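The following exercises invite the reader to work through a protein model step by step. Each task is followed by a worked solution.

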Amino acid sequence: MRFRLLRQPNGPNKKQGPNPMITIGLALLPAAEFELKQATLMAAFTFTPHIGRLPTSSPSIPTSSSKRKLKFNSVTTTTTRVSLQASPPLLSDPFVIQLAETLEDSLPSSSSSSSFSSPFSLQKLRESSAETLLSTPWPSRRDEPFRFTDVSFIKQSQIHPISNPPQSSELSSIPVETQFANIVIVDGHFVHSISNLTELPNGVYVGSLNDLSSDSVGKRVSEFVDGKFVGDLFWSINGVGAPDLTVVYVPAGCKVENPIHLRYYSISGGEEGSKELAVSNPRVLVLVENGGEIEIFEEFLSGDGGGGRYYWANPVLEVVIGSGGKVKHSYIQNQSLDSAHIKWTSVQQESTSAYELVEISTGGKLSRHNVHIKQLGPETTTELSTLHLSVGNQTQDLHSSLVLDHPRAYSRQLHKCIVANPQGQAVFDGNVKVNRYAQQTDAGQLTRSLLLEPRATVNVKPNLQIIADDVKCSHGAAISDLEETQLFYFQARGIDLETARKALIFSFGAEVIERLPSASVRKRVENHIKDLLNPTLERS
C-alpha cells in the first residue's frame, strides 16, 4: 500500500502572501469521518478552509495469486487546503518513504504472502505501521526525544535490509547453547535448526508465528499483533520490515521453571570504513496468560565476536502479562562498537501482575532502548534496573515511560551509567506518570552517573508526573567522578590507587549486575565488564 502526502508548492515563482496555502493530507477517509476531520480542522484553526479534491486513481487490488504488497504511492488521497499564517510543513519525509519501500521489497515471498496461506499474519501490523510512516519524519536533534541522541549517521549510510535467512555455512560461528532452552534469531530471522526448544511444559509454545498450528493460541496472539500501539519512527520501521514474529506463549497457571534464552546475532554488515549498513528487524511477542510465570533472557551479540562490523539492529519486544502473571526479563546488549542498536520494549500489565527488567548495555556506537510500560489493572509491581557503560565513542541512551492508571501500584527504577571515554555520552529520559485514579501508588526513581573523564557527557531527565493526590513517590539524580575521600579511605589502609579505582568503579555497577537472576549469566557479565574497564583503569 503506497501512500503519497502532498504540500502546496511554494517555489521562487510563487509570491509569498500573508496567507500561504498549506495542504494537509487525509488518506482514505470514509465520507462521515472526512466531514468530522474537516470540522475539526475548521474549529482548530478558526478560519474558513477551501476544500478541494485532487485527481485520484483507483488503488490496485491484489488477486489471490498475486504477492500482497504495501504500496506507498497508489492510494487515493484527499487533501484539504487551508490558509494559515505559517510556512508549509513537509508532511512526509522522502527518505523515510524510500526506506519503507526498500524494507517492503526485501520481505521474503513466504512472509509477504502469508496473509493468504495462514490465518495468522503480520499484515495488519504492516499496514498500520506503513500508514504511520507517512507523517513521521526522520528524527533530528531539534526533536525533543532525540535532543541528545544523534541518529544522523544511520541516515547518511547506505542502508540495505537483510532479505534472506542465513545459510547453513554462515551459522558455524554461532555456539550451541545447552544450559537453557533457547531461541536463535540471526539478522532478524528465527533459525530453528540451531535453537533448542526441548523440555518445555505442556501448552507452552515457543517458535515462529508462521508455524503456529493452534487456533486458540493463534487468535490470542492476533489480538496483540494489530498495530494499535504506536511508538516512534523506529517502532514503525520494524512493523514494516519484520520478516516474521517469534512467539513465546505461556498458558494460564503455567510456571516455566527454566529461563528462555533469546540469542540475537548480527552476522551481516559492512567492513570498517564502509558506508553499507545492513538493517535487521527482529520482532518477539511474549504472551503470559493469567497466573503464568516465565523468565526470559535476551542477549544481543555480533556474529564476529564484537568486531568492527557496521550494521543496524532494530528489534522490538512486546510483553503482555495477564492477571497474577510474572515475567522476569534480563537484557544484555553487547554488539559491535561500530553498530547502531535501537530497541523497543512494550509491556502491558494486568492486575496483580509483576514485571522485572534487568538491563546491561555496553555495545554499539549508538545504543538506544525505548521502554514503555502500561498498567491495565490495580496492584501491579514493576521494577527496572539498568546499567549502561560507554568505554569508547559511544552513545548509551535509555528512554523509559511508565504509565499508571490504577490504584496500589508499586514501581522502582534504578538507572546507572558509567562513561569512561572523553567522546562517550549517556542519556537518560525516565518518565513516571501517576494519573488521577492511581491512588495509593508507591513509585520511586533514581539515576546515578559516573563520569571518569573530564569531557565525558551525561544528560539525565528524570520526570515524575503526579495527578493523583494519595501517593508515595520520589525521584533523584546524581552525577559525579570518583570521590577523593573514597580513594583516600582505601589508600589509608594500604591499598594502591589503581586497585582502589577498580574496586569503586566495579562496585558502582555491581548493584545492577547482582540483580540478574542467573548465577552463570552474572559471572559472564562481570568478566565482560572487567575486560571493558581494564584498559581505562590502566590509562588512569
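**Exercise 1. The open sheet**

Task: Determine the order of the ten strands in the open sheet, and state which strands stand at the edges.

Solution. In this predicted model, the ten strands follow the order S6-S5-S9-S12-S15-S17-S19-S21-S23-S25, and their pairing is mixed. The edges are occupied by strand S6 (189-196) and strand S25 (472-480). Each of these has a single partner strand, so one side of each is left without a neighbour in the sheet. From one strand to the next, the twist averages 10°.

The pairing at one edge can then be examined. Strand S5 (residues 181-186) and S6 run antiparallel and are joined by four bridges. Val184 stands opposite Val191 in S6.

Finally, helix H10 (residues 497-513) lies across strand S17 (354-361), strand S19 (381-390), strand S21 (410-419) and strand S23 (442-451). Its direction is at about 150° to S21.

**Exercise 2. Two helices in contact**

Task: Classify the relative orientation of helix H2 and helix H8, and describe the residues that make the contact.

Solution. Two packed helices are described by the angle between their axes and the distance between the axes. The axes of H2 (residues 94-106) and H8 (residues 233-241) come within 8 Å and cross at roughly 30°. Angles under 35 degrees count as roughly parallel, and therefore H2 is roughly parallel to H8.

On the H2 side, the contact is made by Val96, Leu99, Ala100, Leu103 and Glu104. H8 contributes Leu233, Ile237, Val240 and Gly241. Sorted by class, the contact of H2 with H8 comprises seven nonpolar residues, one polar and one charged.

**Exercise 3. Salt bridges**

Task: For the salt bridges Glu298 with Lys343, Asp405 with Lys374 and Glu498 with Lys502, establish where the partners lie.

Solution. Side chains of opposite charge can pair when their charged atoms come close. The count of salt bridges comes to 15.

Step 1. In the pair Glu298 and Lys343, the closest N and O atoms are 3.2 Å apart. Glu298 belongs to strand S12 (residues 293-302) and Lys343 to strand S16 (residues 340-349), so the pair ties together parts that are 45 residues apart in sequence. Glu298 counts as buried at 1% relative accessibility, and Lys343 is buried at 0%.

Step 2. For Asp405 and Lys374, the closest N and O atoms are 2.6 Å apart. Asp405 is found in the loop between strand S20 (395-404) and S21, whereas Lys374 is in strand S18 (residues 366-375); the pair therefore ties together parts that are 31 residues apart in sequence. Lys374 is partly exposed, its relative accessible area being 28%.

Step 3. Glu498 and Lys502 have their closest N and O atoms 3.6 Å apart. Both residues lie in helix H10, four residues apart, about one turn of the helix. Glu498 is partly exposed at 38% relative accessible area, and Lys502 is partly exposed at 32%.

Step 4. Salt bridges that share partners also join Glu144, Asp429 and Lys461 into one network.

**Exercise 4. Alternation along a strand**

Task: Decide which side chains of strand S4 are buried, and identify the residue opposite Gln158.

Solution. In a regular strand the side chains alternate between the two faces of the sheet. Along S4 (residues 158-161), Ile159 and Pro161 point to one face and are buried. Gln158 and His160 point to the other face and are not buried.

S4 pairs with strand S10 (residues 276-280) in the parallel sense over four bridges. Within this pairing, Gln158 stands opposite Glu276 in S10.

Technical notes
Residues numbered from 1 in each chain as written. Predicted model: local features only at pLDDT ≥ 70, side-chain atom pairs only at ≥ 80, totals over all residues. Heavy atoms only, no water. Axes fitted to C-alpha atoms, helices over the stretch in contact; angles between N-to-C directions. Parallel < 35°, antiparallel > 145°, perpendicular 65-115°, else oblique. Contact = heavy atoms within 4.5 Å. Nonpolar A, V, L, I, M, F, W, Y, C, P; charged D, E, K, R; others polar. Pairing = 2+ DSSP bridges. Salt bridge = Lys/Arg side-chain N within 4 Å of Asp/Glu carboxyl O. Buried < 20%, exposed > 50% of the residue type's maximum accessible area, 1.4 Å probe, protein only.
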